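Grab a coffee and work through a few exercises on one protein model. Each task comes with a solution that goes step by step.

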Amino acid sequence: PMDPRTNLVEYIVSKRVSCLSYLKRAHAHDGTKLLWLNSVWLRPDDIVNCVGRETKAKRVHQWFCLGYSLAPLLQAQSGPSFVRALAQLLEEYEYHFGNIASQGVRRLKARPRGLEKPSEADPIKPCIETTSHGVSFEHLLTPDVPVYLDYRHVVLALCDMLTLVYHRFRDDGSALPAVSEAIAHIDGRLKHHFIGQLSRDITAVALSQAAEQSRDVDAVLAAYCVPTA
């Protein structure tokens, strides 16, 4: 029988790849409507436009940096080292874009750069690294982008990159306890920072449209149910 840890990783990969495909369709450029829970038809423009301008600008910057940082990792060899690097990237991402309190907590747990690297059998515990000049990132890249970044383009590109990431989990020795546990943790962070935010956008638009359609139905029923003299 298949190892339970392998089953868990396979479940995570299948679920997220399907979810990312759905999110891509929800933000597509072709205007094709999306059926939400087999009940409400949604337009991609409505989903994109429901996000406020400031929120959209913040997301674009953060998600571009995440995707830009993922690109080099996807060129690396599969294995526990890939999962370890990805966990480290997310630790650095959360530090860089976190608030002062969360940054302070992570600095307290920071380790000096240059210490002996853990082996593949060791638990995967990402940690902020420091040098004599302060915090140093191993994988997070934060380039200055002098051009306008389109929200929809960034979302679609990151969906594609994360799909590649999840497929790589199938090849990364996921039966190892340290690796399978790290994959589950990474999945939770990606859901929090990207997948969950987009899913909540879709749900908010769907509930709004469902409520509007319900009011329309109530109006029609009320018109037909007016008692006659």
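The exercises below start with the fold and then move on to the core, the rings and the charges. Keep in mind that this is a predicted model.

**Exercise 1. Work out which helices and strands the protein has, and in what order they come.**

Step 1: Tally the elements. The protein has seven helices and five strands.

Step 2: Walk along the sequence. The pattern reads α-β-β-α-α-α-α-β-β-β-α-α.

Step 3: Check how far apart in sequence the contacting residues are. Take contacts between residues at least 6 apart in sequence: 75% of them join residues at least 24 apart.

Step 4: Look at burial and surface. Of the 229 residues, 39% are buried. The protein exposes about 13200 Å², and carbon and sulfur atoms account for 57% of that area.

**Exercise 2. Find out which residues touch the most other members of the largest nonpolar core, and which element gives the most to this core.**

Step 1: Pick out the well-connected members. The largest nonpolar core holds 52 residues, and Trp63, Leu70, Val83, Tyr166, Phe169 and Phe194 touch the most other members.

Step 2: See where the core draws its residues from. The elements giving two or more residues are α1 (4–26), β1 (34–36), β2 (40–42), α2 (44–49), α3, α4 (80–96), α6 and α7.

Step 3: Name the top contributor. That's α7, with eleven residues.

**Exercise 3. Classify the ring pairs that Trp63 forms with Tyr151 and with Phe194.**

Step 1: Decide what you need. A pair of aromatic rings is described by the distance of the centres and the angle of the planes. The structure holds six aromatic pairs, and two of them are handled here.

Step 2: Take Trp63 and Tyr151. Their centres are 6.2 Å apart and their planes are 35 degrees apart, which makes the pair tilted. Stacked would need planes under 30 degrees apart, and edge-to-face over 60.

Step 3: Place that pair in the chain. Trp63 is in helix α3 (residues 53–74) and Tyr151 is in helix α6 (residues 151–169), 88 residues apart.

Step 4: Check burial, for which the cut-off is under 20% relative accessible area. Trp63 is at 2%, so Trp63 is buried. Tyr151 is at 3%, so Tyr151 is buried too.

Step 5: Now take Trp63 and Phe194. With 4.7 Å centre to centre and 85 degrees between the planes, this pair is edge-to-face. Phe194 sits in helix α7 (residues 177–224), 131 residues from Trp63 in helix α3. Both Trp63 and Phe194 are buried.

Step 6: Put the pairs together. Ring pairs link Trp63, Tyr151 and Phe194 into a cluster.

**Exercise 4. Say which charged residue lies over the face of Tyr151, and which lies over the face of Phe82.**

Step 1: Start from Tyr151, a ring you've already met. Lys56 lies over its face, 5.4 Å from the ring centre.

Step 2: Move to Phe82. Here Arg168 lies over the face, 4.4 Å from the ring centre.

**Exercise 5. Take the salt bridges of Arg170, Arg59 and Asp46, and find each partner and its burial.**

Step 1: Recall the idea. Side chains of opposite charge can pair when their charged atoms come close. The count for this structure is eleven salt bridges.

Step 2: Arg170 meets Glu10, 2.9 Å from N to O. Arg170 lies in the loop between α6 and α7 and Glu10 in helix α1, so this bridge ties together parts 160 residues apart in sequence. Arg170 is partly exposed at 36% relative accessible area, and Glu10 is partly exposed at 31%.

Step 3: Arg59 bridges to Asp201, the closest N and O atoms being 2.7 Å apart. Since Arg59 is in helix α3 and Asp201 in helix α7, the pair ties together parts 142 residues apart in sequence. Arg59 counts as buried at 10% relative accessibility, and Asp201 counts as buried at 10% as well.

Step 4: Asp46 pairs with Arg43, with the closest N and O atoms 2.9 Å apart. Asp46 is partly exposed at 23% relative accessibility, and Arg43 is partly exposed at 38%.

Methods. Residues numbered from 1 in each chain as written. Predicted model: local features only at pLDDT ≥ 70, side-chain atom pairs only at ≥ 80, totals over all residues. Heavy atoms only, no water. Phe/Tyr/Trp six-rings, centres within 6.5 Å; stacked < 30°, edge-to-face > 60°. Helix = DSSP H or I, 4+ residues; strand = E, 2+ residues; numbered from the N terminus. Buried < 20%, exposed > 50% of the residue type's maximum accessible area, 1.4 Å probe, protein only. Lys NZ or Arg CZ within 6 Å of the ring centre and 35° of its normal. Contact = heavy atoms within 4.5 Å. Areas by Shrake-Rupley, 256 points an atom, 1.4 Å probe, with all protein chains shown as cover. Core = buried A, V, L, I, M, F, W, Y, C linked by side-chain atoms within 4.5 Å. Salt bridge = Lys/Arg side-chain N within 4 Å of Asp/Glu carboxyl O.
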